[in-house]
Amino acid sequence: MDYFCYQENRLHCEQVPLDKIAQVVGTPFYCYSAGTLERHFDVFREAFASVDHLICYSVKANSSLAILDILVRRGSGFDIVSGGELERARRIGCPGQRIVFSGVGKSASEIKNALEYGILMFNVESPGELMRINTLAGQMGKKAPIALRINPDVNPVTHPYISTGLKRNKFGIPHAQALDLYRQAAALEHVTPIGLDCHIGSQLTTLEPFVEALQRVKQLLATLRKEGIAIRYLDLGGGLGIPYEAQQTPPNPERYARALLAELDGLDVVLILEPGRVIVGNAGILVTRVEYVKTGEEKRFIITDAGMNDLIRPALYDAYHTVLPVMRRFDREEILADVVGPICETGDFFARDRMLPEFYPGELLAVRSTGAYGFSMSSNYNTRPRVAEVMVRQNRFAVVRPRETIQQLLEQETLFT
Ligand code: LLP
């Protein structure tokens with residue numbers, strides 16, 4: 001459930017009409033609903049309330065400081081994947097003991113900064129990384145808490161680019177090598193194995209793959225404990241899907257939690273979850289203005305002032321996003337159209353072959369469900385300044401990141417003389 005809906009045929013975010021924000025801020029912009037964000041977090045947390053757990057929101061989904069701040073105030077921790085994300089966590093005062101650090105390519109300086117900050121654990125993805133962490137922790141006179149990220153070889157049944165838990169994917173330690181590496185880790189002087197981690201992919205719309213992965217890592221956990229390796233944290237990653245179309249019904253957080261908790265069945269662990277999309281995906285919307293409408297030989301093109309540099313999901317994953325008029329009018333015919341951006345690429349589209357009400361130049365349209373992996377994956381391609389981000393709470397809104405200027409984009413560049 002989210003708080004983007006029509007009131008008197010004007011699309012609102014909570015109680016603020018989106019056309020009013022467009023008037024003040026210009027277009028395009030991302031608009032986030034604080035109420036929706038909080039609701040999604042609360043529902044997720046409630047679902048796991050019966051067990052000892054820590055929710056580490058996956059910062060990559062949307063790393064806006066305003067969003068992180070709202071979540072950390074609600075008790076969220078963070079799943080981070082870079083030194084930049086660690087710095088964001090620091091800026092809004094997230095305690096280190098609520099941070100887990102994932103990713104296959106952690107650099108020496110990222111590891112050092114995280115050790116300095118005192119994070120809860122590193123989710124280690126290779127033997128090389130384990131050794132590097134051990135060496136660096138030794139140099140700093142510290143002992144690094146770690147989990148191994150296990151690749152359970154389970155098919156998450158999602159887009160191949162966002163599958164992570166298959167043998168052919170670069171992520172994690174193969175299940176068959178994990179026990180051995182845990183034994184090595186336990187023998188190292190400057191790391192302490194305290195956790196076990198897996199994350200099998202993103203936008204999962206069924207529960208079976210989660211359960212299957214859990215079954216595999218649970219066995220490993222039992223073996224480790226028998227060997228005296230004291231695993232306290234079981235991190236099951238993120239990945240729960242969201243509805244991008246009204247008729248989609250992915251499992252909600254309650255069903256997801258029930259399935260996982262049934263499988264855990266009283267196992268004495270602190271559960272860690274790393275949700276990203278399910279928290280923020282439907283808490284954000286992209287508002288853009290129609291520049292031109294052009295009639296090709298086969299169909300209509302609605303050309304907007306936002307492009308694939310602002311929202312790359314359709315181009316990269318052929319992702320579906322609902323497109324809505326900001327002003328709903330009932331005198332408009334439905335036509336078959338592509339909604340496309342101004343970028344010089346055929347992949348620059350938000351919707352293809354979509355039945356949509358007719359749009360005219362100057363009108364506003366909204367691309368729904370873009371709170372996750374929207375702004376955070378945006379770029380300056382075609383030397384386009386990144387768009388403004390706006391936060392709404394009830395009847396109040398504020399720009400939480402101003403639109404970039406062309407001046408800003410160019411000021412770091414120099415000529416080669
Ligand atoms: N934990 C780890 C280790 C991850 O790699 C990810 C996402 C998450 C948690 C959060 O997953 P979520 O709950 O958001 O599904 N750009 C793609 C999604 C990439 C996901 C990368 N990893 C997209 O737009 O669909």
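Let's start with a small detail: Gln7 has Arg10 of β2 as its bridge partner. This is a predicted model, and that pair is a handy way into it. Strand β2 covers residues 10-13 and pairs with β1 in the antiparallel sense over four bridges. Together with β3, these strands make an open sheet of three, in the order β1-β2-β3 and with antiparallel pairing. The edges are β1 (4-7) and β3 (16-17), each of which pairs on one side only.

Arg10 also takes part in a salt bridge: its side chain meets that of Asp19 at 2.9 Å, N to O. Asp19 is buried, at 13% relative accessible area, while Arg10 is partly exposed at 30%.

**Cysteines**

How many disulfides does a search of the whole structure find? The search finds zero. The sulfur of Cys5 is 9.3 Å from the closest cysteine sulfur, in Cys13, which is too far for a bond. Cys13 is in no disulfide either, and the nearest cysteine sulfur to it, that of Cys31, is 3.7 Å away. Cys5 is partly exposed, with 38% relative accessible area, whereas Cys13 counts as buried at 0%.

**Around strand β20**

Cys31 leads us on to another set of strands, as its bridge partner in β20 is Val390. Strand β4 (residues 29-33) and β20 run parallel and are joined by five bridges. Val390 has a bridge partner in β21 as well, namely Val399. Here β20 and β21 (residues 396-401) run antiparallel, again with five bridges. The two form a hairpin with two residues between them, and Gln394 in the turn has a positive phi of about 50°. Five of the six residues of β20 (residues 388-393) are buried, so this strand is largely enclosed by the rest of the structure.

**The nonpolar cores**

The largest nonpolar core has 101 residues, and Phe48, Tyr57, Phe78, Phe122, Leu196 and Leu234 touch the most other members. Helix α8 (residues 208-226) gives the most to this core, with eight residues. Domain 1 (4-32 + 281-410) and domain 2 (103-273) both contribute residues, so the core lies between them. What is Leu234 in contact with, leaving aside its neighbours within four places in sequence? The contacts are Leu196, Leu214, Val217, Leu221, Leu264, Val269, Val270, Leu271 and Ile272. Apart from the largest core lies another, of 19 residues, including Leu11, Leu18, Ala22 and Ile285.

**Salt bridges**

Side chains of opposite charge can pair when their charged atoms come close. A search of the whole structure finds 25 salt bridges, and three of them are set out here.

| Acidic residue | Basic residue | Closest N to O |
|---|---|---|
| Asp19 | Arg10 | 2.9 Å |
| Glu363 | Arg329 | 3.4 Å |
| Glu363 | Arg332 | 2.8 Å |

Glu363 appears in two rows, with Arg329 and with Arg332. Glu363 lies in the loop between β18 and β19 and Arg332 in the loop between β16 and β17, so this pair ties together parts that are 31 residues apart in sequence. Glu363 is buried, at 14% relative accessible area, and Arg329 is partly exposed, at 37%. Elsewhere, salt bridges that share partners join Glu38, Asp42, Arg45, Arg74 and Arg393 into one network.

Technical notes
Residues numbered from 1 in each chain as written. Predicted model: local features only at pLDDT ≥ 70, side-chain atom pairs only at ≥ 80, totals over all residues. Heavy atoms only, no water. Core = buried A, V, L, I, M, F, W, Y, C linked by side-chain atoms within 4.5 Å. Buried < 20%, exposed > 50% of the residue type's maximum accessible area, 1.4 Å probe, protein only. Domains from an automatic or database assignment. Contact = heavy atoms within 4.5 Å. Disulfide = S-S within 2.5 Å. Pairing = 2+ DSSP bridges. Salt bridge = Lys/Arg side-chain N within 4 Å of Asp/Glu carboxyl O.
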